[in-house]
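Trainee: I would like to go through the labels used for this structure and hear what each one rests on.
Mentor: Then start by looking at it.

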Amino acid sequence: MADTTPIAGGRPPSSPTSYNPVAGASFPPGTPVRQDLVHDDTVLPAVANSIETTIVTGLAAGAGVGPWGQRTNRVLVQYIGPLTLTVDQWEEITGDEGGLVRGVPYFLSATVPGKLTRTAPYSSGGDTFDAPVGVGLSPTTLLILLSFPSSNGSISELKAKSGASSPAPTSSSDKATAP
């Protein structure tokens with residue numbers, strides 16, 4: 001028998017590979033999303049051009065419907081594992097004909113919010129971020145493998161944005177130990 005327990009706020013349960021935030025804008029399935037920094041529990045299309053917009057929290061498993069009035073339209077966001085969409089849906093997200101390419105890594109676009117690219121933004125230079133998102137398993141399935149983005153710009157710019165006074169240790173041997 002199915003569980004009919006009421007869910008606080010009317011939110012359907014998520015699985016161990018997804019969550020269900022509010023869509024802060026309208027976007028198609030497959031859109032890489034990030035946390036909205038103004039509204040809690042809300043996602044927006046991600047773009048790899050600043051630290052604030054680059055950290056991908058997952059890919060929309062369905063269409064996001066932007067808020068009109070109260071922020072109540074939720075979207076299922078998957079953050080790990082295989083995501084299967086149609087070839088047409090992947091073409092809209094990647095801009096490539098024929099869907100995804102098997103064995104090819106996909107990155108967050110540094111120029112167009114909510115899009116993926118097969119070319120790491122690092123190769124184009126400038127102050128962008130490389131945010132690996134996943135690898136194509138077939139023309140219709142992306143294995144989501146989110147990684148923390150790396151900066152291609154000035155480390156001083158990144159430190160200024162984060163308020164850091166010194167760079168983080170690069171290995172465990174660089175860390176100071178407590179007495």
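Trainee: Why is the meeting of the side chains of arginine 118 and aspartate 96 called a salt bridge?
Mentor: A salt bridge is a side-chain nitrogen of Lys or Arg within 4 Å of a carboxyl oxygen of Asp or Glu. For arginine 118 and aspartate 96 the N to O value is 3.0 Å, so the pair satisfies the rule. Arginine 118 lies in the loop between β9 and β10 (129-130), and aspartate 96 in the loop between α2 and β8, 22 residues apart. Helices (H or I, at least four residues) and strands (E, at least two) are DSSP runs, numbered from the N terminus.

Trainee: What should I keep in mind about the source?
Mentor: This is a predicted model: local features need pLDDT of at least 70, side-chain atom pairs count only at pLDDT 80 or more, and totals for chains, interfaces and linings use all residues. Residues are numbered from 1 along each chain as its sequence is written, and side-chain values use heavy atoms, with hydrogens and water left out.

Trainee: Is aspartate 96 buried or exposed?
Mentor: Buried means under 20% relative accessible area, exposed over 50%, partly exposed in between (1.4 Å probe, protein chains only). Aspartate 96 has 18% relative accessibility, so it counts as buried. Arginine 118, at 39%, is therefore partly exposed.

Trainee: How many salt bridges does the rule give?
Mentor: Two. Arginine 74 forms one with aspartate 41, where the closest N and O atoms are 2.8 Å apart. That pair links distant parts of the chain, with the two positions 33 residues apart in numbering. Arginine 74 is partly exposed because its relative accessible area is 31%; aspartate 41, at 28%, is also partly exposed.

Trainee: Which residues touch the most other members of the largest nonpolar core?
Mentor: A nonpolar core is a set of buried Ala, Val, Leu, Ile, Met, Phe, Trp, Tyr and Cys residues joined through side-chain atoms within 4.5 Å. The largest has 18 residues, and those touching the most other members include Leu59, Trp90 and Leu142. Elements giving two or more residues to this core include α2 (87-94) and β12 (141-145). A second, separate core has seven residues, among them Phe27 and Val77.

Trainee: What makes β7 (80-84) an edge strand?
Mentor: β7 pairs on one side only. Two strands pair if DSSP finds at least two bridges between them. β7 and β12 have five bridges, in the antiparallel sense, so they pass. The open sheet has the order β7-β12-β11-β8-β9.
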